[in-house]
Amino acid sequence: MRHPPRLSALLSGAALTMASTALALMGTASGAAAAPVCTVEYSVVGQWAGGYQGAVTVTNNGAALNGWSLGFGLPAGQVVSQGWGGKWSQSGAAVTVVNEGWNAALGTGAKTTGGFIASWSGANTAPTAFTLNGTPCETGTPTTPTPTPTPTPTDPTTPPTTPPTAPTPAPGAPELSVSGNKFTDQNGTTRRLLGVNRSGGEFMCVQGYGIWDGPVDDASVKAIAGWKANTVRIPLNEECWLGLDNIKPEYRGAAYISAVKDLVNKVLAHGMTPVVELHWTYGQYTGNSAGCSDVHAGCQKPMPDARYTPAFWTSVANTFKNDRRIVFDLFNEPYPDRAASTATQAWSCWRDGGTCPGIGYEVAGMQDLVDAVRATGARNLVLVPGLAYSNDLSQWLSYRPTDPAGNLAAAWHVYNFNTCSDETCWNDTLAPVAAEVPLLAGEIGENTCGHAFVDRVMKWFDDRGLSYLGWTWNTWNCTSGPALISAYDGTPTAFGIGLRDHLRGLTP
């Protein structure tokens, strides 16, 4: 959905925290009694075999700066591949981070945070010898980060010598693969993704109110399963995941990632498929149909940004790549067609990124994001949306990204107010795509507070064995954002009754 509601009051809730490896480094000027020049806090946000995500927060304890440069040394075998919150470079073991234009001013007592992804070999020890504008900091003794455990996937069941006529579905959430135009599990059984969206993770953190909108405890996730849903889509915010310093510390980086992993694990525990999806991103866009003028990830942008989005997917893929039950949805609702003057320009921007007509920041195309995911070794199912807020798949097959893992499917969104919202359009533009690749309607909904429209959508998809997810499992007023529930125990709205009763009535 393009516009989740903005919250006007601070919501109460228990703070989510995650222990992380941290190192406080105090800089001193000449003389033992001099005040520290800077304070550096370093942490490992996530770690995997051969790589990790680090975060560095610098507090300026000296005179106000208009332009800064952070330097530090990485141990042998560590090489930075991506960085954010500044311009990153590395020469040998020496790493330099120079301010961006938007964070050049660093007043007395002010902080700035950067993050990076790096490879490592041997021992992943902490960096040393931090400096701020060339003034050395007292480093102290670094501690060795503890690797973040990753879930161990269930071993695929070995098929019998004589395959049965109808394979038995794998229990619980399946390890999904693309087989022709179907989703299949590790036993070869055809599967459909049917369920809901759980909004909140895309907007609460950037607005400074928390991480989730409403409870995400076991009871609330169990209530979703009680509707006979088998899939939950979880929208995310790239700045919160990467830990950028415009986000409150308690809602970013390690704390945010921990909260996302916790919800993913709850969804899996109830036998449902988690779909982690990138919803709100960095990049200033003020053109046609702009959702906001903010450069930060405070609304839906027309395309992902090249500065942070590949790093986001590198980190997400490394976090979840050892569990193929988890699905990756690359970007919520692209709309470069609103900025470009021709369909060819829009679809080329969508696939290839770079400098796109009408968009003032460098764009990461869908191919860039597929490449970022696959470069980690992740073979998880990847969903790729279309144009016009994911409502247009008319040239999806012609421009689809290349996937070396062969595990790519199409994502589509539809509401009663969209352009492609009737059976004629679905027959003309969706059916050809669904004939070649699996198709998931990642968001279906209507703002009428009823369910006559989504009933038609579900019938069309049921008739073809396709997948769909209702927007959204949140207690909103459905006229401001279609809401399926009025309480987190699963009490449906008039709109939600349609989806709930339909899912419960489907043949398993």
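## Helix contacts and sheets in a predicted model

Glu423, Trp426, Asn427, Leu430 and Ala431 in helix 8 meet Phe453, Arg456, Val457, Trp460 and Phe461 in helix 9, where contact means heavy atoms within 4.5 Å. By class, this contact of helix 8 with helix 9 has seven nonpolar, one polar and two charged residues. Here Ala, Val, Leu, Ile, Met, Phe, Trp, Tyr, Cys and Pro count as nonpolar, Asp, Glu, Lys and Arg as charged, and the others, Gly among them, as polar.

The model is predicted, so local features need pLDDT of at least 70 and side-chain atom pairs count only at pLDDT 80 or more, while totals for chains, interfaces and linings use all residues. Residues are numbered from 1 along each chain as its sequence is written, and side-chain values use heavy atoms, with hydrogens and water left out.

Helices (H or I, at least four residues) and strands (E, at least two) are DSSP runs, numbered from the N terminus. Axes are lines fitted to C-alpha atoms, for helices over the stretch in contact, and angles run from 0 to 180 degrees between N-to-C directions.

**Helix pairs**

The axes of helix 8 (residues 423–434) and helix 9 (residues 452–463) come within 12 Å and cross at roughly 40 degrees. That makes helix 8 oblique to helix 9; angles under 35 degrees count as roughly parallel, over 145 as roughly antiparallel, 65 to 115 as roughly perpendicular and the rest as oblique. Helix 8 passes helix 9 in a right-handed crossing. A crossing is left-handed if the near helix is turned anticlockwise from the far one by less than a right angle, and right-handed if clockwise.

Helix 4 (residues 309–320) packs with helix 6 (residues 366–375) at about 30 degrees, their axes 8 Å apart. The crossing of helix 4 and helix 6 is right-handed too. Thr309, Pro310, Trp313, Thr314 and Ala317 in helix 4 meet Leu369, Ala372 and Val373 in helix 6. This contact of helix 4 with helix 6 has six nonpolar, two polar and no charged residues.

**Sheets**

Two strands pair if DSSP finds at least two bridges between them. Eight strands close into a barrel in the order 16-17-18-19-20-21-22-23, with parallel pairing. Neighbouring strands of this sheet are turned by 30 degrees against each other on average, direction ignored. Helix 9 packs on the sheet and touches strand 21, strand 22 (439–445) and strand 23 (467–470); the direction of helix 9 makes about 170 degrees with that of strand 22.

Another sheet is open: three strands in the order 13-14-15 pair in the antiparallel sense. Strand 13 (177–179) and strand 15 (190–191) stand at the edges, each with a single partner strand, so one side of each is left without a neighbour in the sheet.

Some of the strand pairs are listed here.

| Strands | Sense | Bridges |
|---|---|---|
| 5 (residues 69–73) and 11 (residues 128–132) | antiparallel | three |
| 11 and 12 (residues 135–136) | antiparallel | two |
| 14 (residues 182–184) and 15 | antiparallel | two |
| 20 (residues 382–385) and 21 (residues 408–415) | parallel | four |

Strand 11 and strand 12 form a hairpin with two residues between them, and asparagine 133 in the turn has a positive phi of about 50 degrees.

**Confidence**

The mean pLDDT (the predictor's confidence in each residue, from 0 to 100) of the chain is 89, and 87% of its residues reach 70 or more. Over residues 3–33 the pLDDT is below 50, and beyond near neighbours in sequence this stretch has 82 contacts in the model. Where pLDDT is low, the predicted coordinates should not be read in detail.
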